[in-house]
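Open the model in your viewer and follow the stops below. Select each part as it is named.

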Amino acid sequence: MPALTVDAAATVAGCALPADRRAALGLFLRHLAAGERVARDAARGQACIAPAGRDRRFLRAQVRQEALHAALFDGCAWSLGATPFEPDPQPYRDYSASIEVLVAGHRYDESVVATQLVLEALGDAMLARLDAGLARHGDRLRELRRTIRRQETAHHRHGLALIAAWDDDTIPERLRACALRHRALAAAMISSGEPAMRPFALAPADLEADLDARLPRWARGDA
């Protein structure tokens, strides 16, 4: 395990939390790690079809960052005693499979909507909740949390930049449909994490609202 992951895991393990919340935090971190692996694999595929060199460089950097984030979250979850999980149904597998179809069809702009717009918005929403929770138990991971949030924000902005030329009325229908389809898949991912949210008095609807606040109106579930 990399030294950075060991240090972060030790810090999280030292958080003073009741047993039920420690278990819930560990499970929440497993969900975060699963989402980071979806983003990592998506960016790896996107780097093969991106039309511009700067996009390919950005995506290769994203692959490295998402891999590190996944290792960090898994290491922290392990320190809390969380075992690897296999949610049933498989929302992360479904999301990844959907992006694979877009990459295989060289539908780059749709893959950006699915990954850097919707998926990264969900990741940032989850990280914001994690950030607020851990901040209440000490700031020893503050700089690490800020670094991860900055990287995830940059990934999300990459998606926003692609669609900046369009507004709610002019967005191409295929991009609108892609966003709404992946917004629904994201909702399934959120629902699968409900057991990890319950001890913290969070409901899936709370995280869905956080997600929608980060999306343009045409990409929201109520659009």
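Start with a pocket. This model is predicted, so read each stop as a feature of a prediction.

**Stop 1: the lining of the second largest pocket.** Six nonpolar, two polar and six charged residues make up this lining. Together, 14 residues line the pocket. Which of them lie nearest its centre? Select Ala34, Arg37, Phe85, Glu86 and Tyr92. The space inside is about 240 Å³.

Now colour by element. Helix 2 and helix 4 (91–104) each give two or more residues to this lining. Helix 2 provides the largest share, with five residues.

**Stop 2: helix 2 and its partner.** Select residues 19–49 for helix 2. Add residues 53–79, which form helix 3. How do the two helices pack? Their angle is about 160°, and their axes lie 8 Å apart. Helix 2 and helix 3 are therefore roughly antiparallel to each other. Their crossing is left-handed. Show the side chains of the contact between helix 2 and helix 3: 14 of its residues are nonpolar, five are polar and 10 are charged.

**Stop 3: along helix 3.** Keep helix 3 selected and hide the rest. Helix 3 has 27 residues. Put a distance line from its first C-alpha to its last: the span is 40 Å. That is close to the 39 Å expected at 1.5 Å a residue.

**Stop 4: just past the end.** Select Gly81, just after helix 3. What is the sign of its phi, positive or negative? Gly81 has a positive phi of about 85°.

Methods. Residues numbered from 1 in each chain as written. Predicted model: local features only at pLDDT ≥ 70, side-chain atom pairs only at ≥ 80, totals over all residues. Heavy atoms only, no water. Helix = DSSP H or I, 4+ residues; strand = E, 2+ residues; numbered from the N terminus. Expected span 1.5 Å × (residues − 1). Axes fitted to C-alpha atoms, helices over the stretch in contact; angles between N-to-C directions. Parallel < 35°, antiparallel > 145°, perpendicular 65-115°, else oblique. Left-handed = near helix turned anticlockwise from the far one by under 90°. Nonpolar A, V, L, I, M, F, W, Y, C, P; charged D, E, K, R; others polar. 1 Å grid on protein atoms, 1.4 Å probe; cavity = no way out; pocket = protein on both sides within 12 Å on 5 of 7 lines; lining within 4 Å. Points joined across faces, edges and corners; volume = space filled by probe spheres on them.
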